[in-house]
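User: I am new to this structure and would like a close look at a single part of it. Please take one helix and describe it, then go on to what else can be said about charged pairs.

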Amino acid sequence: MDGAALGLGTFLQHLINGLTLGAIYGLIAIGYTMVYGIIRMINFAHGEIYMLGAFVAVTGFTLLSAAGVQSVALGLIVVLAASILFTAAYGWTVERVAYRPLRGSGRLAPLISAIGMSIFLQNYVMLTQGARPKPLQPVLSGGVTLWQGETFTLGVTYIQAFIIVLTVALMASFTLLIARTPLGRAQRACEQDRTMAALLGINVDRTISLTFVMGASLAAVAGVLVTMYYGVVDFYIGFLAGLKAFTAAVLGGIGSLPGAMLGGLLIGLIEAFFTGYVSGAYKDVAAFSILILVLVLRPTGLLGRPDIEKV
């Protein structure tokens, strides 16, 4: 009986860890899917925007600690606001520099431009912040014990609960924003037909810029959360996290906000369970294998819709 309880407790702990990691991937994936939904291009610099948010978080928490700020709530609000502000500015700049001048060209030129921007941001952070990992002291420690067994303890840390609750709140807010606000209607109109949207009076350039800013803001939140969760960042974290978030967006259905979050949660769960039951060295192999399997059976992703060819 104790063995069965231990197995169930281990399963539930992996489930909690996977949901936490998947929530972070989902936040980053939403930025990919929002940009793709409007301009049908993948912003491959989006992972580096997330990385910038993580570095702003480390710097912000370090400065607040040096200034003697003890309030966790105040520190979180200040760091989140600063990270969103900085990364939103970078997201807006990426759109103006890497995408807008090439919007009328073929798909290959903006893709190469975005990859170049990604490499530039990586090296920019490496030169300004150094190549060594940046550690961070725990900001939100402690947790809640859900189940106390003889040989194991099932619990949720406060930072895990904070990540999951904040992700659900942001997902609900952005869903309402897309469905109920004038900006959301403009975004949906640009997604369907940018030329017709412009003829109807929608400022397409401003809508696209705001979409990049919104995606960068979510990446900033993910950067702050992952910094608090792992306690260390480096200039290379954006590449792998961006790749996995892009995988999550494709798995869930690129262009679908619920699909991006679902894909992120699935990637996080796959990694957590594969690490716990098989080997952490092959967790990426498992995630990408599931992606290939899903795309073979459902090319548009789990919640994606097939593109309708306009004639």
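Analyst: The account below takes helix H4 first, then the salt bridges, and ends with one tyrosine.

This is a predicted model, in which local features need pLDDT of at least 70 and side-chain atom pairs count only at pLDDT 80 or more, while totals for chains, interfaces and linings use all residues. Residues are numbered from 1 along each chain as its sequence is written, and side-chain values use heavy atoms, with hydrogens and water left out.

Helices here are DSSP runs of H or I with at least four residues, strands are runs of E with at least two, and both are numbered from the N terminus. Helix H4 covers residues 108–129. The expected span of a helix is 1.5 Å times one less than its number of residues. For the 22 residues of H4 this gives 32 Å, and the end C-alpha atoms are 32 Å apart, which agrees.

Which residues of H4 are buried? Buried means under 20% relative accessible area, exposed means over 50%, and partly exposed is in between, with a 1.4 Å probe and protein chains only. Pro110, Ala114, Met117, Ser118, Leu121, Gln122 and Val125 of H4 are buried. Seen down the axis of H4, these buried residues fall within an arc of 135°, so they line one face of the helix. The arc is that of the directions from the helix axis to the C-beta atoms. On the face of H4 turned away from this buried side are the exposed residues Leu108, Ile112, Phe120 and Leu127. The cover over the buried residues of H4 includes helix H2 (46–66), helix H3 (72–99) and helix H9 (237–252); contact means heavy atoms within 4.5 Å. After H4 comes Gly130, with a positive phi near 90°.

An unreviewed UniProt entry lists several spans as "transmembrane region", among them residues 106–125 and 285–304. Its positions are given in the numbering used here, feature names are shortened, and annotations may be inferred rather than shown by experiment. Residues 106–125 are 90% helix and 0% strand, with end C-alpha atoms 30 Å apart. Residues 285–304 are 65% helix and 0% strand, with end C-alpha atoms 23 Å apart.

Helix H9 also takes part in charged pairing, through Lys244. Side chains of opposite charge can pair when their charged atoms come close. A salt bridge is a side-chain nitrogen of Lys or Arg within 4 Å of a carboxyl oxygen of Asp or Glu, and by this rule the count is three. Lys244 forms a salt bridge with Glu271, the closest N and O atoms being 2.8 Å apart. Glu271 lies in helix H10 (residues 257–277) and Lys244 in helix H9, so the pair ties together parts 27 residues apart in sequence. Lys244 and Glu271 are both buried. The side chain of Lys244 also meets that of Asp284 in a salt bridge (2.9 Å, N to O). Asp284 is in helix H11 (residues 283–297), 40 residues from Lys244. At 25% relative accessibility, Asp284 counts as partly exposed. Lys244, Glu271 and Asp284 are thus linked in a network of salt bridges.

Another salt bridge joins Glu95 and Arg100 (3.3 Å, N to O). Glu95 is buried at 0% relative accessibility, and Arg100 is partly exposed at 24%.

Tyr277 lies in helix H10 and is partly exposed, at 48%. Neighbours within four places in sequence aside, Tyr277 is in contact with Gly7, Thr10, Phe11 and His14.
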